[in-house]
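Biologist: Please take a close look at one part of this model, the pockets, and tell me what lines them. Add whatever else helps me place them.

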Amino acid sequence: MKRKLGISLYPDHSNPETDRKYLQLAKKYGFSRIFMSMLEVTDGKEAVAAKFKELIFFAKDLGYETILDVAPNIFDELGISYDDMGFFKELGADGIRLDVGFDGNKEAMLTFNPEEVAIELNMSNDVAYLDNILTYEANQPFLYGCHNFYPQEGTALPYDFFEKCSLRFKRQGIRTAAFVTSQVGTIGPWDINDGLPTLEVHRHLAPATAAKHLFATGLIDDVIIGNAYASEEELAAMGSVNRYQTQFAIEFVSDVSEVERQIVLRAQHFRRGDITDQVIRSTQVRKDYKNENNPAHDNEIEFQPGDVVVGNDAFGKYKNELQIVLTPHQDSRKNKVGTIAQEELILLPFIKPWSKFRFEVAK
């Protein structure tokens, strides 16, 4: 399943022209999914249809997929029924996100709507909600999962709970999504906006770093910026994130050699299957660079978690092996060549036996 990047739009709190420019800008950086809120509509069916249809079809022409966030009061407000997805199909929506749940049978039946509008479920509950729906033989290709976001500081999910909730969907092969937050966006669905992340640990992180974390978990397929509008710098950084393997940002020490830079940046690294608690070992590079000299430098210090070290000429057969430090230790046979960006240390627990990873120069 291809992983996607998404943005959020709030047509009842924004200007259509600004929304269109934002869509064009995000498309430039590889974004292809939209979370669009319909929770606040009060304009009547015809006005709502005109506003949302114009924006959604503009996005569709750019190649976006749009999921509308709906609630029961919206159906009452617009005089439409859960049993008829024709209204949403007419708007151009690819799916609707259910803000509340039913009895399982209802959700399963909705996935067979003839308009083929996808039904997206709330993932942020550790209950057997999805299992219940699947027992009613839901049409799985049209069933998605997406976590909530949390506008109030201190109220987003802790990681262990997020993991439990997400596993329920991932084990069933359901497409999953979660939110990260722009550090400059000010628009959300409500009057409180302390950022709109799914995970509390992400609230004050750059969205690109948070996206790396979500992709590294292996639990999330699509990462969406919850608030609007992200800056072009944030969109560009998130657009450059490797969605399929962790790519650490490294800051090199001043004495790093050209050989060491090549070892770090050019290789496809993977962690040995027989792991150790002290370091993450990438051993293939020592074979590829066995004939390259590597004089000692930055080797008489205590290495700290996140330091990247390479075996020097005194390390015998382990010369030019790359390691990422997990626990502090000292070994003069290793050169410190750089350090992983502090905020990316949260990625280290996801480098498991045989995990693939790469490096990029920190910007």
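Modeller: This is a predicted model. The largest pocket has 19 lining residues, and those nearest its centre are A206, A208, T209, A237 and K363. The space in this pocket comes to about 440 Å³. Three elements each give two or more residues to its lining: helix 8 (207-217), helix 9 (232-239) and strand 15 (356-361). Helix 8 provides the largest share, with 4 residues. Sorted by class, the lining of the largest pocket consists of 9 nonpolar, 7 charged and 3 polar residues.

The second largest pocket holds about 180 Å³ of space. It is lined by 17 residues, and F215, A216, Y244, Q245 and T246 are the closest to its centre. Helix 8 appears here too, since at least two lining residues come from helix 8 and at least two from strand 9 (246-252). The largest share of this lining is again that of helix 8, at 3 residues. Its classes are 7 nonpolar, 6 polar and 4 charged. Helix 8 therefore gives the largest share to the lining of the largest pocket and to that of the second largest pocket.

Besides the open pockets, there is enclosed space to report. The count is 1 cavity of 30 Å³ or more, and the largest cavity has a volume of about 40 Å³. Its lining is made up of N122, M123, N125, V127, Y129, L130, R168 and F169. Helix 6 (129-135) and helix 7 (159-170) are the elements that give two or more residues to this lining. By class, the cavity lining has 5 nonpolar residues, 2 polar and 1 charged.

One helix pair can be added for orientation. Helix 1 (residues 16-28) packs with helix 2 (residues 45-61) at an angle of about 20°, and their axes are 10 Å apart. Because angles under 35 degrees count as roughly parallel, helix 1 is roughly parallel to helix 2. The crossing of helix 1 past helix 2 is right-handed. On the helix 1 side the contact is made by D19, R20, L23 and Q24, and on the helix 2 side by E54, L55, F58 and A59. These contact residues are 4 nonpolar, 3 charged and 1 polar.

Methods. Residues numbered from 1 in each chain as written. Predicted model: local features only at pLDDT ≥ 70, side-chain atom pairs only at ≥ 80, totals over all residues. Heavy atoms only, no water. Axes fitted to C-alpha atoms, helices over the stretch in contact; angles between N-to-C directions. Parallel < 35°, antiparallel > 145°, perpendicular 65-115°, else oblique. Left-handed = near helix turned anticlockwise from the far one by under 90°. Contact = heavy atoms within 4.5 Å. Nonpolar A, V, L, I, M, F, W, Y, C, P; charged D, E, K, R; others polar. 1 Å grid on protein atoms, 1.4 Å probe; cavity = no way out; pocket = protein on both sides within 12 Å on 5 of 7 lines; lining within 4 Å. Points joined across faces, edges and corners; volume = space filled by probe spheres on them.
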